[in-house]
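Reader: I'm new to looking at protein models. Could you walk me through how to read one, feature by feature?

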Amino acid sequence: MIALDNVSKHFTSKRGTHHVLSDVSLTIDEGQFVCLLGPSGCGKSTLLNLIAGLDTPDQGTLAIDGKPIAGPGPDRSVMFQDSALFPWLSVRRNVDFGLELAGFRDKDERASRVETFLKKVQLWRFRDAYVHELSGGMKQRVALARALAPDPRVLLMDEPFAALDAQTRDVLHVELTEIWRATRKTVVFVTHNVREAVRLGDRVVLMATRPGRVKLDEPIALARPRTNEGDVAHYVGRIMKELRTEVEKVMREEIDDAWQPAPGAVPGSSSSGVGGGI
């Protein structure tokens, strides 16, 4: 079980302090598929990095089965929006290299795992192909095989399908669901896409913004595979209503931040002149 208790995080730059997360508390049970959803800047990716151990909170605690997360570990794999494959290695060697880094020394065991997971993502016959020979969807399948091959307990996915066309994304939704049902990994999946979240998740956690915090934790009580668009649309509509208020909030804040009055344009100002604007 993943447990986050009153987690806060801020970043400091020349423009000042940016509070990304504030008092986020969340529990994810073993084997659950949880989708994190929210507008840009709400801290979804930061939260994922904290669970991965790639960053540390300023306040609060993160733990897996009661053990504090102190850094990256073999119990967690991360899959990013960019497939991050090595172009000079074949498909087979890209997955194998991930196993080497994870500490698998036995070549026969590595070869067996590579075969198993490339077959799970329907790419075994492309095992000797190179990255430039693959489509975008195929690259993400290789990245998924690489993430799964070390057999982590937790799979952390940061918008892995965002750059793909809708048709390819739908195919990968089906494949990911089948792999999840077969392996029962705990999955934390970051997305901007409400429909994607509803199609994939046991729960959709909607993040409010500035600072990020949990606004809505919506269980998705639909059987898999979720092919009935009417059932999916029902949940999408409910979640979109909540998300829309957060997006509008971000837009208003960005407009306010962008508009700076020109010198002398504010009544009572000692400066003179006209100009500025946005």
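Reader: What share of the 278 residues is buried?

Author: Buried residues make up 45% of the 278 residues. Keep in mind that this is a predicted model.

Reader: How much confidence does the predictor have in it, then?

Author: The pLDDT averages 88 over the protein, and 91% of the residues score at least 70. Over residues 269-278, though, the pLDDT is below 50, and this stretch has 18 contacts in the model beyond near neighbours in sequence. Here's the general idea: where pLDDT is low, the predicted coordinates should not be read in detail.

Reader: Got it. How many helices and strands are there?

Author: Seven helices and twelve strands. Their C-alpha atoms, along with those of the rest of the protein, fill a box of roughly 80 × 45 × 40 Å along the principal axes.

Reader: How do I read a sheet? In what order do the six strands of the open sheet come?

Author: Go across the sheet from strand to strand. Here the order is S6-S7-S8-S3-S9-S10, with mixed pairing. Strand S6 (76-79) and S10 each have a single partner strand, so they stand at the edges with one side lacking a neighbour in the sheet. From one strand to the next, the twist averages 20 degrees.

Reader: Which strands are joined to S8 by bridges?

Author: Strand S3 (residues 33-37) is joined to S8 by five bridges, and the two run parallel. Leu37, for example, has Thr191 as its bridge partner in S8. Strand S7 (residues 154-158) also runs parallel to S8, again with five bridges. There, Met157 has Phe189 as its partner. To get from S7 to S8, the chain passes through helix H5 (residues 166-183), and this β-α-β crossover is right-handed.

Reader: And where do I find antiparallel pairing in this sheet?

Author: Look at S9 and S10, which pair in the antiparallel sense over six bridges. In that pair, Met207 stands opposite Val214 in S10.

Reader: Which way do the side chains of S8 point?

Author: The general idea is that in a regular strand the side chains alternate between the two faces of the sheet. In S8, Thr186, Val188 and Val190 point one way, while Val187, Phe189 and Thr191 point the other way. All of them are buried, and that covers six of the six residues of strand S8 (residues 186-191).

Reader: Now the other open sheet. In what order do its four strands come?

Author: They come as S2-S1-S4-S5, and the pairing is antiparallel. Strand S2 (16-28) and strand S5 (67-68) stand at the edges with a single partner strand each, so each has one side without a neighbour in the sheet. Strand S4 (residues 59-64) pairs with S5 over two bridges, and Ala63 stands opposite Pro68 in S5. Helix H1 packs on this sheet, touching strand S1 (2-13), S2 and S4, and its direction makes about 120 degrees with that of S1.

Reader: Which strands of the six-stranded sheet does H1 lie across?

Author: H1 lies across S3, S6, S7, S8 and S9, and runs at about 155 degrees to S7.

Reader: Is H1 mostly covered or mostly uncovered?

Author: Mostly covered: helix H1 (residues 44-52) has seven of its nine residues buried. Among them are Leu47, Leu48, Leu50 and Ile51, and Lys44 is on the list as well. Next after H1 comes Gly53, whose phi is positive, near 85 degrees.

Reader: What about nonpolar cores? How many residues does the largest one have?

Author: It has 48 residues, and those with the most contacts inside it include Phe33, Leu118, Met157 and Phe189. Helix H4 (residues 136-148) gives the most to this core, with seven residues. A second, separate core of 25 residues includes Leu36, Ile51, Val190 and Met207.

Reader: What does Phe33 touch?

Author: Leaving out residues up to four places away in sequence, Phe33 touches Leu176, Trp180, Val187, Phe189 and Arg224, among others.

Reader: One last spot: where is Thr209, and is it buried or exposed?

Author: Thr209 is in the loop between strand S9 (203-208) and strand S10 (213-219). With a relative accessible area of 1%, Thr209 is buried, because the cut-off for that is under 20%. Beyond its neighbours within four places in sequence, Thr209 is in contact with Pro39, Ser40, Gly41, Cys42, Glu246 and Val250.

Methods
Residues are numbered from 1 along each chain as its sequence is written. Side-chain values use heavy atoms; hydrogens and water are left out. A nonpolar core is a set of buried Ala, Val, Leu, Ile, Met, Phe, Trp, Tyr and Cys residues joined through side-chain atoms within 4.5 Å. Buried means under 20% relative accessible area, exposed over 50%, partly exposed in between (1.4 Å probe, protein chains only). Contact means heavy atoms within 4.5 Å. Two strands pair if DSSP finds at least two bridges between them. A crossover is right-handed if, with the strands pointing away from the viewer, the path from the first strand over the helix to the second runs clockwise. Axes are lines fitted to C-alpha atoms, for helices over the stretch in contact, and angles run from 0 to 180 degrees between N-to-C directions. pLDDT is the predictor's confidence in each residue, from 0 to 100.
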